[in-house]
Amino acid sequence: MAKKLDFDKEKNNRNDNVIEEIMQADFPLPKQAEDAKNEAFSRIREMAAASGHTENTENMVQRLQEKSTEKSTGSSGKKSTGTAKSHKKFKTVYKTALGLTAAAAVFSTVCITNPAFAENIPLVGNVFKQLGNSMGFYGDYSKYAKQLTDSAEDGELADTDESQEDGGNPQSAQAEDQNTTENNNADKTKDNESYSKTVDGTTVTLSEVYCNEMALYLSMTIHTEDKFPDTFITPDGKPNIKLSENSTVKYDYMDEKSNLFNAYLDGKMLDDNTYAGVLRIPVEDMTVDEAGWTKFYEVRNAFFKEKGIDVDSEDFSFDKLAQTLGMDEYSDEKLPQVGGPAISDYVKDIKVPDRFTMEMDLKDIVGTLPDDQDTTPDIPQDLRDEYNQKMAEHGISTDDADYESLTEEQKDLEHQFFTEMWNEYFERYPEAIEGNNRYNSWTLKGDWKFNVDVEKNTSDTVKKDVNVVDENGDGVLSITKTPFEITMKMQDPEAKYFAVMLDANGDIMPYGGVSNSNNTYAIQDRDISTVYIYLCDYYEYMDELKGYYWSDDYEEKAKTKTFKQLLDERAVASAEVHFDTDK
């Protein structure tokens, strides 16, 4: 029977000013916005003509267009510090307000009926909102993320506030305005130097950062002077772009810097020259004791050598290693059971502090070319023939379907011949190695260095022990829910299990696309008031259970037995977890 666990969600009463900030922002309108604005004014003229007030309305439209131009270009005139002093002035302001209301109403209608225009309104310093639901781990980051770039309107809004507080003294207001503007401009210059760098015509600008108990999210834009390279589009509709693996990050709580492996960005093209994306760094990558692991591997390999095992030999295999050490299946964690070193003696347990600084050195940006531009050489026929000949001489089938019928000796030989073929291939075409490929990828060369101050935000993060485990304690130990993802902590040294999480409707939770983990799920718009956790035998799940859910006729099969009911019958262990979503 599944266990029931109740989660108490931490409540918070934040004031969300995002809408107000966006509505008050000054930004240059794109062409679609200008077209919509002009269409709005044209409609006002048409309405005025029908009512017989063409001349007065035309004057009003002219003034509105001038104001609109000032707003869209960021120009600012003298700010009003007083109030209306006559009935006549009040009537003028009232009429102007009516005109603005009419323009806003028509302009809003154009926006609503043209969603493409609304999407293209630039949201300065807010890449998360710009990406919206196109992100794998999407949600309202404005509540949690720290903005790294200042928007241009901040200085102007500060000027307005100080003018009003001055009590209406024009000279004092003008002097304080000038001082405030100079200070703000100095701050902006500093921020631009810190968070926006240009190398060889490519500008990388960091936008926001958010870090919780499970991952760090860093949003950025990449802008090129020339058109952005053509890029392969993944099945989920995203450009395949990553930071090169020679890029590094150094956390101030760690002794050494580490490389950014698998640093794929989750984002989209905003225009022909601009890409916006998010780098997700899982916490486990931020807490790797590199020096400790290096020492452990040295001691471990020395232990292997004492047992007559050379990890660098061509015929090395983990099956042979396990057999020599008397293990059913090899595992670093179980080495102490056979007299080997313990990981905990060398590797420190590192925690991410509440505040830290990271130094990033982004060397290159790499993208995959579209299929029709991929010029990676095929394996030459002479190498294929040589491989097939060696296989035939040893009576080994080249049919994948017969692989499981091979003896262990034949499998080792097949692995040896296959490796020899690829080694020869890479000697002929060294650039074909992944990560240094001139055939199927493009590279934006650069060296963009940033220092980013990070403060962990753990609000709305809940961790709970669930213990969905077998008799040996292997399985899902706990789950952690953040505003955007749910992660299961596994203990499975022999890789026997596959853990599954279903939402409240009994559907498999989505992975999010950039987590690089089978145990991290994106919340997105799923109902997670209840989630179901199942621990399944790995091979049974992969060979049988998984296909049941993903089959084309699942909806029909679900009328008789749902996927949840199937897992209820077949899972090794399970739990039903409830999240309290009461406000």
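The exercises below concern a charged surface patch and the pairing of one strand in a predicted model.

**Exercise 1.** Which residues gather in the patch of negative charge on the surface, and which helix gives the most to the patch?

Solution.
- Step 1. List the members: Asp 319, Asp 328, Glu 329, Glu 408, Glu 409 and Asp 412 form the negative patch on the surface.
- Step 2. Assign the main contributor: helix H13, which spans residues 408–428, supplies 3 residues, the most of any element.

**Exercise 2.** Where is the place of Glu 329, and why does Glu 329 count as buried, partly exposed or exposed?

Solution.
- Step 1. Locate the residue: Glu 329 lies in the loop between helix H11 (318–325) and strand S11 (355–368).
- Step 2. Recall the cut-offs: buried means under 20% relative accessible area and exposed means over 50%, with partly exposed in between.
- Step 3. Apply them: Glu 329 has 42% relative accessibility, so this residue counts as partly exposed.

**Exercise 3.** Strand S11 follows that loop. How many bridges join S11 to S6, to S7 and to S12, and in which sense does each pair run?

Solution.
- Step 1. Take S6 (residues 241–243): S6 pairs with S11 in the antiparallel sense over 3 bridges. Here Lys 242 is opposite Val 366 of S11.
- Step 2. Take S7 (residues 248–251): 4 bridges link S7 and S11, again antiparallel. In this pairing, Lys 250 has Glu 359 of S11 as its bridge partner.
- Step 3. Take S12 (residues 441–455): S11 and S12 run antiparallel and are joined by 13 bridges. Val 366 stands opposite Thr 443 in S12.
- Step 4. Combine two steps at one residue: Val 366 of S11 faces Lys 242 and also Thr 443 of S12.

Note on methods: Residues numbered from 1 in each chain as written. Predicted model: local features only at pLDDT ≥ 70, side-chain atom pairs only at ≥ 80, totals over all residues. Heavy atoms only, no water. Patch = residues over 30% accessible without salt bridge, like charges linked within 9 Å, V, L, I, M, F, W, Y side chains within 5 Å. Areas by Shrake-Rupley, 256 points an atom, 1.4 Å probe, with all protein chains shown as cover. Salt bridge = Lys/Arg side-chain N within 4 Å of Asp/Glu carboxyl O. Lys, Arg positive; Asp, Glu negative; His and termini not counted. Charge placed at Lys NZ, Arg CZ, Asp CG, Glu CD. Buried < 20%, exposed > 50% of the residue type's maximum accessible area, 1.4 Å probe, protein only. Pairing = 2+ DSSP bridges.
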